[in-house]
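Visitor: Hello! Could you walk me through this structure and tell me the reasons behind the words you use?
Guide: Gladly, let us look at it together.

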Amino acid sequence: MSRDDRTRAIGKVVSVAADRFVIEMHAGTDNFTVVGFDDVHYVARLGSFLMVAVQTEYVVVEVVGLRERDVGHVSRSEGELDKASSAKYLDVVPVGMLPQDRRERFRFGVSVFPSLYADALYALDAELDRVFETDHPSEPTPPIDNVPPTPPGATRYRALTIGRSVIFEGYDVKVRIDDFFGGHTAVLGNTGSGKSCTVALVLQSLFEKAEEHHARGATFVVFDVNGEYAKALSPLSEGKQIGEDHVILDGTASKERFRLPHWFLEQSEWELLLQASERTQLPIYCAWRSAWQHCSRPGARRS
């Protein structure tokens, strides 16, 4: 174990099972707080990560429980606990393996289990970035349709900071842009808690990067049913190579309005739009739809 690892050791592994380890913290640790060489670390948050040194790798573990046992020999009244002399334990579950070589990647699953009395370390921000695969925030911009990026040698962001973690003290939460915007994401909160502001801020952060990092080729469609996003997103196009169109859906025929032809909708979408009931409206609608589609075919006879 390196010298830096020794300075951030918080305790020893005292129990090893296939699905759970127990870490006993060093004596004298008060309130599960460790003073490290870089900061003060509170390691008792459920969901936080620790590193257990094993050969040339770390076993990444997640804290799922904490407990305390009084080992003092001085008699005390019932319910009284000596925090200074009590033994403190962390229950953790293994998550994956993180090689100490920074060029290698984190992988899920444990291939080498720690031995008894192996050192447990608090996690560094750089290690969390490697676990979440956000340690390389930018990369050279690839060509799009064989067209090289402008300017030559431009780079693009792979990771975007979206907030501050409530579990890892002082750690910026970053997401992989392609995975984040290419999948499903939910922003949850009470009315007035700032959900719309959060979405707008994420989009602003993506497009307001330096010129060589702008989101080249990205397209977003925002359904602004409450009229909350136009004011926040329209300034993005001012003086930048970003286009922004605001289209209002109200059924009028003006060029600034948008109309959706009725034949563009599928049957399931009509059912949702009309809220057709299963026993009365839906059978009638399905029969009408089938007849309409038959009559709309070229050469069909109409009676």
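Guide: This is a predicted model. The protein chain exposes about 20500 Å², and carbon and sulfur atoms supply 52% of that area. The chain has 7 helices and 13 strands, and buried residues make up 29% of its 303 residues.

Visitor: What makes Phe-49 and Phe-132 an aromatic pair, and why is the pair called tilted?
Guide: Their ring centres are 6.0 Å apart, and rings pair if the centres lie within 6.5 Å. The planes are 35° apart; under 30 degrees would be stacked and over 60 edge-to-face, so this pair counts as tilted. The structure holds 9 aromatic pairs.

Visitor: Which parts does the pair tie together?
Guide: Phe-49 lies in strand S5, and Phe-132 lies in the loop between helix H2 and strand S10, so the pair links parts that are 83 residues apart in sequence. Phe-49 and Phe-132 also belong to one aromatic cluster with Phe-168 and Tyr-171.

Visitor: Why is Phe-49 called buried?
Guide: Its relative accessibility is 12%, and buried means under 20%, so Phe-49 counts as buried.

Visitor: And why is Phe-132 called partly exposed?
Guide: Phe-132 has 34% relative accessibility. That value falls between the 20% limit for buried and the 50% limit for exposed, so Phe-132 is partly exposed.

Visitor: How do you know that Arg-8 lies over the face of Tyr-58?
Guide: Arg-8 is at 5.7 Å from the ring centre of Tyr-58, and the cut-off is within 6 Å, together with an angle within 35 degrees of the ring normal. Arg-8 is therefore counted as lying over that face.

Note on methods: Residues numbered from 1 in each chain as written. Predicted model: local features only at pLDDT ≥ 70, side-chain atom pairs only at ≥ 80, totals over all residues. Heavy atoms only, no water. Helix = DSSP H or I, 4+ residues; strand = E, 2+ residues; numbered from the N terminus. Buried < 20%, exposed > 50% of the residue type's maximum accessible area, 1.4 Å probe, protein only. Areas by Shrake-Rupley, 256 points an atom, 1.4 Å probe, with all protein chains shown as cover.
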